[in-house]
Amino acid sequence: MSLRISISLAALAALSACAEPAPETAPFAPRYEGVETRLLDGDLVNFFVAMRGARGSEDVENYADCAAAQYALIRGYGFARHLRTNVSEEGGLWRGDAVYTISAALPRGLKTIDAEVVASACAENGIPMV
């Protein structure tokens with residue numbers, strides 16, 4: 001290998017080290033675009049949420065949990081059970097389509113929500129509810 005090629009390779013290596021992307025430093029600043037609620041059956045509720053600035057699907061799911069918690073409280077229930085959430089993103093707008101059951105007693109299942117606890121956490125974190 002000639003000296004000229006060695007210097008060029010070293011220069012390329014040095015330049016590529018400078019081109020590494022900087023870590024994300026922008027603060028999390030979501031814009032909550034609203035909640036639409038549809039009662040599917042007596043205790044089965046569908047929530048449609050929309051937001052911008054989500055870091056990923058977990059932020060959208062948290063927004064839906066907040067809506068479900070507040071809805072349960074409004075209806076005089078203390079609990080909700082998450083059944084499913086579908087999340088999509090297009091052009092920076094994140095949408096969630098989530099279904100929950102609401103109940104007065106702690107429901108069976110792994111994804112249960114204590115409505116008072118979740119609603120309190122949502123208020124503390126600035127996540128709007130129904």
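In this predicted model, strand 3 and strand 4 (residues 93–103) run side by side in the antiparallel sense, paired over eleven bridges. The two strands form a hairpin with two residues between them, and G91 in the turn has a positive phi of about 60°. Within this pairing, F79 stands opposite S103 of strand 4, while A80 has I102 of strand 4 as its bridge partner.

**The sheet as a whole**

The hairpin belongs to an open sheet of five strands, ordered 1-2-4-3-5 and paired in the antiparallel sense. The edges are formed by strand 1 (31–41) and strand 5 (112–114), each of which pairs on one side only. On average, neighbouring strands of this sheet are turned by 30° against each other, direction ignored.

Strand 3 also pairs with strand 5, in the antiparallel sense and over three bridges. On that side, F79 stands opposite D114 of strand 5. F79 therefore has a partner in strand 4, namely S103, and another in strand 5, namely D114.

Strand 1 and strand 2 are antiparallel as well and pair over nine bridges. A hairpin of two residues joins strand 1 to strand 2. In this pair, T37 has F47 of strand 2 as its bridge partner.

The strand pairings described above are set out together here.

| Strand pair | Sense | Bridges |
|---|---|---|
| Strand 3 and strand 4 | antiparallel | eleven bridges |
| Strand 3 and strand 5 | antiparallel | three bridges |
| Strand 1 and strand 2 | antiparallel | nine bridges |

**Two residues of strand 3**

R84 is found in strand 3, and T85 lies in this strand too, which spans residues 79–90. R84 has a relative accessible area of 32% and is therefore partly exposed, as this value falls between the limits of 20% and 50%. T85 has a relative accessibility of 16%, so T85 counts as buried, the limit being under 20%.

Leaving aside neighbours within four places in sequence, R84 is in contact with D97, A98 and V99. The side chain of R84 reaches the backbone oxygen of D97 at 2.7 Å. R84 and Y100 are 16 residues apart in sequence, and their C-alpha atoms are 7.3 Å apart in space.

T85 touches E61, D97, A98 and Y100, when residues up to four places away in sequence are not counted. The side chain of T85 also makes a polar contact with the side chain of H82, at 2.6 Å.

**The nonpolar core**

In soluble globular proteins, nonpolar side chains tend to be buried together. Here the largest nonpolar core has 24 residues, of which F47, M51, V60, Y100 and I102 touch the most other members. The elements that give two or more residues to this core are strand 2 (44–52), helix 2 (57–74), strand 4 and helix 3. Helix 2 gives the most, with nine residues.

I102 has contacts in several places along the chain: not counting residues up to four places away in sequence, I102 touches D43, V45, Y71, A72, R75, Y77, F79 and A80. Among these, A80 is also the bridge partner of I102.

**Helix 3**

Helix 3 (residues 115–124) lies across strand 3 and strand 5, and runs at about 75° to strand 5. Which residues of helix 3 are buried? They are A115, A119 and C122. These residues cover an arc of only 60° around the axis, and therefore lie on the same side of helix 3. The cover over the buried residues of helix 3 includes helix 2, strand 3 and strand 5.

The face of helix 3 turned away from the buried side carries the exposed residues E116, V117 and E124. Helix 3 is followed by G126, which has a positive phi near 70°.

**Summary**

Strand 3 thus pairs with strand 4 and with strand 5, and helix 3 lies across strand 3 and strand 5. Strand 4 and helix 3 are among the elements that give two or more residues to the largest nonpolar core.

Terms used
Residues are numbered from 1 along each chain as its sequence is written. This is a predicted model: local features need pLDDT of at least 70, side-chain atom pairs count only at pLDDT 80 or more; totals for chains, interfaces and linings use all residues. Side-chain values use heavy atoms; hydrogens and water are left out. Helices (H or I, at least four residues) and strands (E, at least two) are DSSP runs, numbered from the N terminus. Buried means under 20% relative accessible area, exposed over 50%, partly exposed in between (1.4 Å probe, protein chains only). A polar contact is a pair of N or O atoms within 3.5 Å; within protein, one must be able to donate a hydrogen and the other to accept it, and residues adjacent in sequence count only if both atoms are side-chain atoms. Contact means heavy atoms within 4.5 Å. Axes are lines fitted to C-alpha atoms, for helices over the stretch in contact, and angles run from 0 to 180 degrees between N-to-C directions. A nonpolar core is a set of buried Ala, Val, Leu, Ile, Met, Phe, Trp, Tyr and Cys residues joined through side-chain atoms within 4.5 Å. The arc is that of the directions from the helix axis to the C-beta atoms.
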